[in-house]
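Here's a quick tour for anyone meeting this protein for the first time. Have a look at the sequence and the fold, then read on.

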Amino acid sequence: LEMSENNIENLVKEITSHKGVQGFVIVNHDGIPLRHSFHESSRLLAVHYASLMQQLAQKASRAVHSIDPTQELQFLRVRSRKHEILVAPHKDYILIVIQAPDV
C-alpha cells in the first residue's frame with residue numbers, strides 16, 4: 001500500500017466503527033489480501049472474498065469504461081439476504097467491506 005500506516009489505521013478504525021460491519025479486506029489489484037479483519041481461522045474466507053470481489057470489481061470497471069471511456073468505477077454494492085458487500089476501488093488497492101444487510 002502506498003498509503004501511510006497512519007492513514008491505514010485511521011481507515012480501519014473508521015470502517016470498523018460503523019454499525020453492522022462484520023469485516024473488511026484490503027486487497028491489491030491481483031486479488032491478494034494486504035490486510036483483513038478476519039480471525040486467523042477465517043483467513044481462507046478473507047482470501048475467498050478478496051479473489052471474488054477483485055474479479056467482480058475488474059469486470060464492473062471494464063463495463064463502466066466501455067459505456068463511457070471518460071468514467072471510472074467509484075463504488076460497487078452487492079447485497080444478498082445474508083450480507084451486503086461494499087467494494088471501493090482505489091488506484092493502489094481495493095477496499096471490501098462486509099456488513100449486515102439490514103443496517
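The lining of the largest pocket is a mix: 4 of its residues are nonpolar, 5 are polar and 1 is charged. Keep in mind that what you're looking at is a predicted model. The pocket itself has a volume of about 160 Å³. So who sits around it? The lining is made up of His29, Gln54, Ala57, Gln58, Ser61, Glu72, Leu73, Pro89, His90 and Ile94. Helix α2, which covers residues 43-67, is the biggest contributor, with 4 residues in the lining. As for how such spaces turn up at all, rolling a probe the size of a water molecule over the atoms shows where empty space is left.

One of those lining residues deserves a second look. Glutamine 54 belongs to helix α2, and it counts as buried because its relative accessible area is 7%, under the 20% cut-off. If you set aside its neighbours within four places in sequence, glutamine 54 is in contact with Asn28, His29, Asp30, Gly31, Tyr49 and Ile94. Two of these names, His29 and Ile94, also appear in the pocket lining.

Now step back to the whole chain. The protein has 2 helices and 5 strands, and reading along the sequence gives you the pattern α-β-β-α-β-β-β. Its radius of gyration is 14 Å, close to the 13 Å that the globule rule gives for 103 residues, so the protein is as compact as a globular protein of that length. Along the principal axes, the C-alpha atoms fill a box of roughly 40 × 35 × 25 Å. Of the 103 residues, 36% count as buried. And if you take the contacts between residues at least 6 apart in sequence, 42% of them join residues at least 24 apart.

Back to single residues: how does burial vary from place to place? Here are four of them side by side.

| Residue | Element | Relative accessible area | Status |
|---|---|---|---|
| Glutamate 84 | strand β4 | 3% | buried |
| Glutamine 54 | helix α2 | 7% | buried |
| Arginine 35 | strand β2 | 26% | partly exposed |
| Lysine 59 | helix α2 | 53% | exposed |

Take glutamate 84, in strand β4 (residues 84-89). Which side chains does the side chain of glutamate 84 make polar contacts with? One is that of glutamine 99, at 2.7 Å, and another is that of arginine 77, at 3.5 Å. Beyond four places in sequence, glutamate 84 touches Arg77, Val78, Arg79, Val97, Ile98, Gln99, Ala100 and Pro101. With a relative accessible area of 3%, glutamate 84 is under the 20% limit and therefore counts as buried.

Lysine 59 shares helix α2 with glutamine 54, yet lysine 59 is exposed, because its relative accessible area of 53% is over the 50% mark. How far apart in space are lysine 59 and isoleucine 96? They are 15 Å apart, C-alpha to C-alpha, with their positions 37 residues apart in sequence.

Arginine 35 lies in strand β2 (residues 33-36) and is partly exposed, at 26%. Its C-alpha is 5.8 Å from that of valine 25, although the two are 10 residues apart in sequence.

Technical notes
Residues are numbered from 1 along each chain as its sequence is written. This is a predicted model: local features need pLDDT of at least 70, side-chain atom pairs count only at pLDDT 80 or more; totals for chains, interfaces and linings use all residues. Side-chain values use heavy atoms; hydrogens and water are left out. Buried means under 20% relative accessible area, exposed over 50%, partly exposed in between (1.4 Å probe, protein chains only). A polar contact is a pair of N or O atoms within 3.5 Å; within protein, one must be able to donate a hydrogen and the other to accept it, and residues adjacent in sequence count only if both atoms are side-chain atoms. Contact means heavy atoms within 4.5 Å. On a 1 Å grid over the protein atoms alone, a cavity is a set of points where a 1.4 Å probe fits but cannot get out, and a pocket is an open set with protein on both sides within 12 Å along at least five of seven lines; lining residues have an atom within 4 Å of a point. Grid points are joined across faces, edges and corners, and a volume is the space filled by probe spheres set on the points. Ala, Val, Leu, Ile, Met, Phe, Trp, Tyr, Cys and Pro count as nonpolar, Asp, Glu, Lys and Arg as charged, and the others, Gly among them, as polar. The radius of gyration is taken over C-alpha atoms; the globule rule is 2.2 Å times the number of residues to the power 0.38.
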